[in-house]
Amino acid sequence: MADSKKKNDKSLSYDELVAKRDDLKKKYMDLRFQAIIGHVDNPMQKRIMRREIARLNTLIHQQDLAKFRAAAAEAIAAKN
């Protein structure tokens with residue numbers, strides 16, 4: 001199941017990744033507040049969400065780097 005999530009997330013656009021990450025961050029904050037109050041069914045859910053947010057951050061960063069490298073290569077080609 002986790003492998004299918006990874007494959008699906010890699011095919012998402014930059015804006016979709018950012019939106020999904022922001023949504024997960026909100027859910028993670030809600031889960032943290034619920035944990036403080038004491039109404040959490042699965043305490044491991046916090047860890048899973050943190051890791052998924054980190055994975056999305058990695059994908060977002062990879063796309064940022066790809067855009068930067070493409071722009072740099074284009075600038076170098078235009079200079080020559």
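Does aspartate 22 count as buried, exposed or partly exposed, and at what relative accessibility? Aspartate 22 counts as partly exposed because its relative accessibility is 33%, where buried means under 20% relative accessible area, exposed means over 50%, and partly exposed lies in between (1.4 Å probe, protein chains only). You are looking at a predicted model, in which local features need pLDDT of at least 70 and side-chain atom pairs count only at pLDDT 80 or more, while totals for chains, interfaces and linings use all residues. Residues are numbered from 1 along each chain as its sequence is written, and side-chain values use heavy atoms, with hydrogens and water left out.

**The overall picture**

- The protein has three helices and zero strands, where helices (H or I, at least four residues) and strands (E, at least two) are DSSP runs numbered from the N terminus.
- Going along the sequence, you meet the pattern α-α-α.
- The radius of gyration of the protein is 17 Å, whereas a compact globule of 80 residues would have one near 12 Å; this radius is taken over C-alpha atoms, and the globule rule is 2.2 Å times the number of residues to the power 0.38.
- Along the principal axes, the C-alpha atoms fill a box of roughly 65 × 25 × 15 Å.

**Surface, contacts and charge**

- Buried residues make up 16% of the 80 residues of the protein.
- The accessible surface is about 6,400 Å², and carbon and sulfur atoms account for 55% of that; such areas come from the Shrake-Rupley method with a 1.4 Å probe, and for residues only the protein chains shown count as cover.
- Take the contacts (heavy atoms within 4.5 Å) between residues at least 6 apart in sequence: 68% of them join residues at least 24 apart.
- The protein has 18 positive and 11 negative charges, and their mean positions are 7 Å apart.
- In that count, Lys and Arg are positive and Asp and Glu negative, with His and the chain ends not counted; each charge is placed at NZ of Lys, CZ of Arg, CG of Asp or CD of Glu.

**Helix α2**

- Helix α2 covers residues 14-37, and its 24 residues should span 34 Å at 1.5 Å a residue, which agrees with the 35 Å between its end C-alpha atoms; the expected span is 1.5 Å times one less than the number of residues.
- The buried residues here include Leu17, Val18 and Arg21, and Leu24, Tyr28 and Leu31 are buried too.
- Leucine 17 sits in this helix and counts as buried because its relative accessibility is 0%.
- Beyond residues up to four places away in sequence, leucine 17 touches Asp9, Leu12, Leu56, Leu59, Ile60 and Gln63.
- Aspartate 22, from the opening question, also belongs to α2; its C-alpha is 9.9 Å from that of leucine 56, although the two are 34 residues apart in sequence.

**After α2**

- Glycine 38 follows α2 and has a positive phi, near 105°.
- Between the C-alpha atoms of glycine 38 and leucine 17 there are 31 Å, with 21 residues separating them along the chain.
- Valine 40 lies in the loop between α2 and α3 and is partly exposed, with a relative accessible area of 25%.
- Apart from neighbours within four places in sequence, valine 40 is in contact with Leu31, Gln34 and Ala35.

**Helix α3**

- Helix α3 runs over residues 45-79, and the expected 51 Å for its 35 residues at 1.5 Å a residue agrees with the 51 Å between its end C-alpha atoms.
- Met49, Glu52, Ile53, Leu56, Leu59 and Ile60 are buried in this helix.
- Alanine 78 is also found in α3, and it counts as exposed because its relative accessibility is 66%.
- Alanine 78 and arginine 47 are 31 residues apart in sequence, and their C-alpha atoms are 47 Å apart in space.
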